[in-house]
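Biologist: Before we discuss the model, I would like each descriptive term to be set against the criterion behind it. Could we take them one at a time?

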Amino acid sequence: MSTVPVIQATELSRWYGIVMGLNNISFDIGPGLTGLVGPNGAGKSTLIKIITGQLRPSDGALTVFGVQPWNNPDVLREIGFCPEDDALPDRLKARTWLRGMAMLSGIAPSAAPDHVDAILDRVKLDRVHWEKPLGQFSKGMRQRVKLAQALLHHPRLLVLDEPMNGLDPMGRQEVQRILKQLAAEGTTVLISSHILHELEALCPEILILNWGRVIASGSQLALQRRLQGTEANLHIRCSDPARFTRILFEADLLLGFDSTGNDGDDGNEGGLDLRVKDPQRFSDSLVDLLTDNNIALHELRSRDRSLHDIFEKMTE
Amino acid sequence: MSQDPSILPAVNFGGALRGMWALVWAQRCTTGTFVRWGLGACALGFLMLLTIQSGEEKGWLGWVIGFYIQFLIPLTCLNVCGSMIRAEVQANTLSFLCTRPLRRHTLFLLQYLCHVFWLQIIFFGGTLGLFALGIVKQAEGLGALLPTMLLTQFLAILAWSALSALLGLLHQRFVVIGILYWLIVEVGLGMVETSNINQLSILRHIHTLLAQNEMVADMFVRQIADAPVSAAFVLGGATVFFLAAGAALFTYREYLPSQEAGQ
């Protein structure tokens with residue numbers, strides 16, 4: 001896969017009068033699924049509007065596929081945009097609106113009807129609603145129509161602002177499935193969402209904004225490592241927790257621990273919350289320690305690895 | 001999803017125009033619109049029937065020139081074309097259009113053409129209705145006037161609509177600005193007889209075209225000395241000028257609902 005950035009910002013700033021929207025930010029976004037995270041007023045919508053060619057930078061540069069997107073049909077042809085706002089032309093029927101949009105996107109008028117029907121099927125909008133005015137649609141149905149218009153011209157970059165808003169759990173799963181499928185087909189997907197656990201499951205790459213600045217970007221794993229520094233919080237369940245704790249102390253790998261109860265049949269098997277000193281060394285030596293001391297490992301999971309934790313720590 | 005290369009994007013103006021027309025037509029052709037237009041036409045027809053004596057052409061022409069051409073057409077153009085972009089900004093739906101693979105001036109031009117086409121249809125029907133009413137009232141010379149009237153209103157709608165589209169981009173209070181413009185430039189400056197400044201009035205050139213018909217020429221107090229061809233060129237030139245200014249404004253200015261609220 002190419003490592004050329006799909007979106008590249010260089011010292012990008014955007015002001016609204018005296019209000020700063022984005023403050024001298026630089027970042028790269030590569031292919032795949034990337035989550036855009038930040039509290040209200042962080043600059044997410046401003047960034048999305050610049051990426052989709054609705055706003056111009058006040059200073060610096062932002063390029064998509066190597067060129068600036070404002071008033072540039074060549075790159076707008078490669079971008080699909082699903083806005084956060086619930087605004088749709090309420091008088092129009094879903095099919096009518098999408099057919100018009102398809103023709104404006106370069107789909108041949110003769111091919112537009114079939115093309116629109118295929119897209120509506122893909123976003124799983126029930127056929128009984130296709131000829132209804134958009135004003136009669138529920139929020140979830142409107143989200144599907146907005147997603148459909150973003151997919152009309154087979155964009156190579158899909159930008160979605162809060163695409164899960166108003167969707168029921170099944171709808172969210174369906175949208176996640178579509179986005180993963182698009183990413184697998186080679187579409188770059190940038191998703192802004194406040195539903196962090198969904199972004200966590202969906203996006204390997206994260207860009208965190210706060211007060212108009214990029215405070216972190218990269219893979220979730222790398223961010224986690226950066227945050228943890230030289231320690232990690234783990235939950236472990238093994239056959240002899242007391243002995244295993246001693247072994248870890250002796251190996252100078254443990255900063256502290258909490259026992260979370262005995263649930264083994266022999267009364268000597270239970271869970272431990274560990275504060276590990278050097279996660280990399282712990283990871284490298286874990287298998288040897290267990291096998292050499294004949295301890296059976298039943299469960300090992302991180303207590304840190306949540307996007308919510310990363311977000312909270314980064315925006316503190 | 002279909003990946004047939006024959007339907008992959010290659011935006012051409014004709015296809016985009018059809019797409020925009022599909023949207024404009026669907027938005028305009030609603031029951032509410034037809035009820036409003038129908039009620040307005042009935043009210044106008046009723047007033048004309050009441051106030052025009054049978055066989056009195058001047059009374060009929062007074063309505064056609066004084067109300068329909070000078071007032072109703074420009075005000076409708078102002079309302080329809082002034083809001084063609086502004087309504088999208090206020091409804092927060094402009095982002096769907098601005099993220100299509102089209103240059104912004106093309107988008108503006110597509111909107112203008114579709115709205116103008118809609119207005120031409122409406123006023124073509126309206127004019128035929130007025131002439132039918134004239135026949136009912138036994139006004140004479142209508143057959144000779146009809147081609148002049150249709151050609152003049154065609155050019156007038158192009159020019160008024162282009163001006164209205166520009167005013168709509170300039171400020172959200174475009175209706176107020178448009179009415180002030182109409183009073184100051186069209187009516188005010190257009191009435192000045194001793195200076196070339198009256199050439200700024202679109203209405204003056206419309207009068208020149210209409211005055212090619214003798215029946216209409218008798219109506220005007222002022223002497224019509226301008227050549228009809230130059231009047232038509234001025235209307236065409238004004239249309240191009242207003243459109244170019246509007247396209248340039250839409251290309252360089254950002255339109256955001258948040259700014260709209262604060263304007």
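Modeller: The bend at a residue is the angle between two fitted axes, one through the seven residues ending there and the other through the seven starting there. I should add that this is a predicted model.

Biologist: What makes Ser285(A) the place where α10(A) bends?

Modeller: At Ser285(A) the bend of α10(A) comes to about 45 degrees, and because a bend is defined as the angle between the axes fitted on either side of a residue, that value describes how the two axes diverge there.

Biologist: How do you know that the reach of α10(A) is close to the expected one?

Modeller: Helix α10 of chain A, residues 279-292, has 14 residues, and the expected span is 1.5 Å times one less than that number; the expectation is therefore 20 Å, and the helix reaches 20 Å from its first C-alpha to its last.

Biologist: Why is α10(A) called hardly covered?

Modeller: A residue is buried if 20 or more other C-beta atoms lie within 10 Å of its own, and among the 14 residues of α10(A) the count that meets this is one, so the helix is described as hardly covered. In chain A as a whole, buried residues make up 40% of the 316 residues.

Biologist: What follows α10(A), and what is its phi?

Modeller: Asn294(A) follows the helix, and its phi is positive, near 55 degrees.

Biologist: How many residues does each chain bring to the contact between chains A and B?

Modeller: Chain A brings 39 residues and chain B 32 residues, and on the side of chain A that touches chain B, α3(A) gives the most, with eight residues.

Notes. Residues are numbered from 1 along each chain as its sequence is written. Chains are lettered from A and ligands numbered from 1 in the order in which they are written. This is a predicted model: local features need pLDDT of at least 70, side-chain atom pairs count only at pLDDT 80 or more; totals for chains, interfaces and linings use all residues. Helices (H or I, at least four residues) and strands (E, at least two) are DSSP runs, numbered from the N terminus. A residue is buried if 20 or more other C-beta atoms lie within 10 Å of its own, exposed if 12 or fewer, and partly exposed in between; C-beta atoms are placed from the backbone. Two residues are in contact if their C-beta atoms, placed from the backbone, lie within 7 Å.
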